[in-house]
Amino acid sequence: MPPQHQAYQGRGRPSHAPGNRHQQQMAQYIGSGGGTYHPPGGQAKYFSIDVECVATGTDHNARSVGQISLVDEFERVLLNIYVKPDAPVESYLSPLTGLSSDVLDRHGVPLPVALQCLRSYLPPYAVLVGQSIGKDVGWLSLREGSDFESMIDLAGLFRIWNSTYNSVSIFSLDHLAKVLLGYGNGGGPHNAVGDALKSMQLFNYYRQVHNAPGVWKSVEAALLAAPVDESFAKKYPCFEGVCMGNRKKCTCGAPFFG
C-alpha cells in the first residue's frame with residue numbers, strides 16, 4: 001500500500017485519562033468506548049475531513065494543502081494522502097503540522113490527483129463534520145450541493161454560554177478532545193488523520209449525550225472548568241518568518257476571513 005494511502009497508525013485514544021472525573025462519569029453513561037457511536041445500518045452519512053497546510057508566503061493567508069484525511073462516521077480512515085505544493089514553500093510549520101520537505105517530496109502527489117482521489121471516496125449525499133469545517137472545504141475547493149450535501153461545524157455544536165464573561169465560549173478541537181474523550185495534551189504536531197478522527201469521535205459523542213437529561217450540563221461544566229492550553233499561534237505569533245494569524249499579534253497585516 002503506498003504511504004500516502006496508509007491508514008493512520010498514530011496514538012490511540014485512551015478510554016479514560018487519569019484523574020479526569022468527567023471522563024469517568026461519562027464512561028458510566030456511554031460505556032468504555034469514550035464516545036464511540038455506532039449508527040444503525042451499514043452506510044455512512046457523515047464524514048470528517050481534515051487538512052494540514054504548509055506556508056507558501058509570510059502572511060497568514062498564504063497556505064497550501066499538504067495533507068488530506070477522510071474519516072467516516074464509523075471512525076474508519078478512508079483516506080490519508082500527502083500533497084506536494086506547486087509553489088515554493090516558505091515554511092512547513094513542522095511543529096504544528098508534522099509535515100516536512102522529506103515527507104512531501106517522497107509521498108506527495110499533485111493537488112488535482114489528491115482531489116480526484118478524495119472525490120472518489122466522498123458521496124454527494126455526505127454531510128461533512130469538522131472544527132471550522134468551512135476552511136477545509138475552501139482549501140479543497142469542494143462544492144456544497146455537488147461534491148457533498150452540507151456541513152456541521154463542531155465549533156457550533158459545542159459553543160457554550162459562559163456566564164462568568166457574559167459571552168459565548170468556543171473551544172479548540174484539542175480542548176474538546178482532552179476534556180470529553182480523554183486525549184492527552186501531547187504537545188506534539190497535528191496530523192490530518194488524527195484530527196479527523198477526533199472530530200468524528202466528538203461528533204458521535206455529541207449525538208449520544210446532547211439530549212440526555214442532565215448529561216449535557218455536565219459536559220458544559222467540564223469544558224468550562226478545564227484549563228485551556230495556549231494555541232500554537234499564541235505561543236508563536238510569527239514562526240520562521242511566517243505570520244500565524246493571531247488577531248491580536250498579527251505581523252503581516254493581511255485580512256482575516258471568517
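**Figure 1. Helix α7 meets helix α8 in this predicted model.** On the α7 side, the residues that take part are Leu173, Asp174, Leu176, Ala177, Leu180 and Leu181, and on the α8 side their partners are Asp195, Lys198, Ser199, Gln201, Leu202 and Tyr205. Sorted by class, the residues of this contact are 7 nonpolar, 2 polar and 3 charged. To find the two helices in the model, look for residues 173-181 (α7) and residues 192-209 (α8). Their axes come within 10 Å and cross at roughly 55 degrees. The two helices are therefore oblique to each other. The crossing of α7 past α8 is left-handed.

**Figure 2. Helix α7 is largely enclosed by the rest of the structure.** Why can we say this about α7? Of its 9 residues, 8 are buried, so the rest of the structure largely encloses this helix. You can tick off the buried ones in the model: Leu173, His175, Leu176, Ala177, Lys178, Val179, Leu180 and Leu181. After α7 comes glycine 182, which has a positive phi, near 80 degrees.

**Figure 3. Helix α8 also meets helix α9.** Here Tyr205, Tyr206 and Val209 of α8 touch Val215, Trp216 and Val219 of α9. What classes of residue make up this contact? There are 6 nonpolar residues, with no polar and no charged ones. The axes of this pair come within 9 Å and cross at roughly 135 degrees. That angle makes α8 oblique to α9.

**Figure 4. The largest nonpolar core of the chain has 30 residues.** Start from the residues with the most contacts inside this core: Leu154, Phe158, Leu176, Leu180, Leu202, Val219 and Leu223. Four elements each give two or more residues to the core, namely α6 (154-157), α7, α8 and α9 (215-225). Which of them gives the most? The answer is α8, with 9 residues. Now zoom in on phenylalanine 158. Leaving aside neighbours within four places in sequence, phenylalanine 158 is in contact with Ser169, Phe171, Leu176, Leu180, Leu202, Tyr206, Trp216 and Leu223. Apart from this core lies another, of 25 residues, including Phe47, Val109, Leu142 and Phe148.

**Figure 5. Asparagine 204 is a buried residue of helix α8.** How much of asparagine 204 is accessible? Its relative accessible area is 0%, so asparagine 204 counts as buried. This view also shows how the fold brings together parts of the sequence. Asparagine 204 and glutamate 73 are 131 residues apart in sequence, while their C-alpha atoms are 7.4 Å apart in space.

**Figure 6. Arginine 63 sits in strand β2.** The strand covers residues 63-72. Is arginine 63 buried or exposed? With 18% relative accessibility, and with buried meaning under 20%, arginine 63 counts as buried. Its contacts, leaving aside neighbours within four places in sequence, are Cys53, Val54, Ala55, Thr56, Gly57, Leu93, Trp139, Val242, Cys243 and Met244. Pick out tryptophan 139 from that group. Arginine 63 and tryptophan 139 lie 76 residues apart in sequence and 8.8 Å apart in space, C-alpha to C-alpha.

**Figure 7. Serine 141 and glutamate 240 have a positive phi without being glycine.** For serine 141, phi is near 55 degrees. You will find serine 141 in the loop between α5 (133-139) and β5 (150-153). For glutamate 240, phi is about 50 degrees. Glutamate 240 belongs to the loop between β8 (238-239) and β9 (242-243). Is glutamate 240 buried or exposed? Its relative accessibility is 52%, so glutamate 240 counts as exposed.

**Figure 8. Stepping back, the whole chain has 10 helices and 9 strands.** What share of the 258 residues is buried? Buried residues make up 47% of the chain. Among contacts with a separation of 6 or more, 66% are between residues 24 or more positions apart. The pairing of α7 with α8 from the opening view is part of this chain.

Key:
Residues numbered from 1 in each chain as written. Predicted model: local features only at pLDDT ≥ 70, side-chain atom pairs only at ≥ 80, totals over all residues. Heavy atoms only, no water. Axes fitted to C-alpha atoms, helices over the stretch in contact; angles between N-to-C directions. Parallel < 35°, antiparallel > 145°, perpendicular 65-115°, else oblique. Left-handed = near helix turned anticlockwise from the far one by under 90°. Contact = heavy atoms within 4.5 Å. Nonpolar A, V, L, I, M, F, W, Y, C, P; charged D, E, K, R; others polar. Core = buried A, V, L, I, M, F, W, Y, C linked by side-chain atoms within 4.5 Å. Buried < 20%, exposed > 50% of the residue type's maximum accessible area, 1.4 Å probe, protein only.
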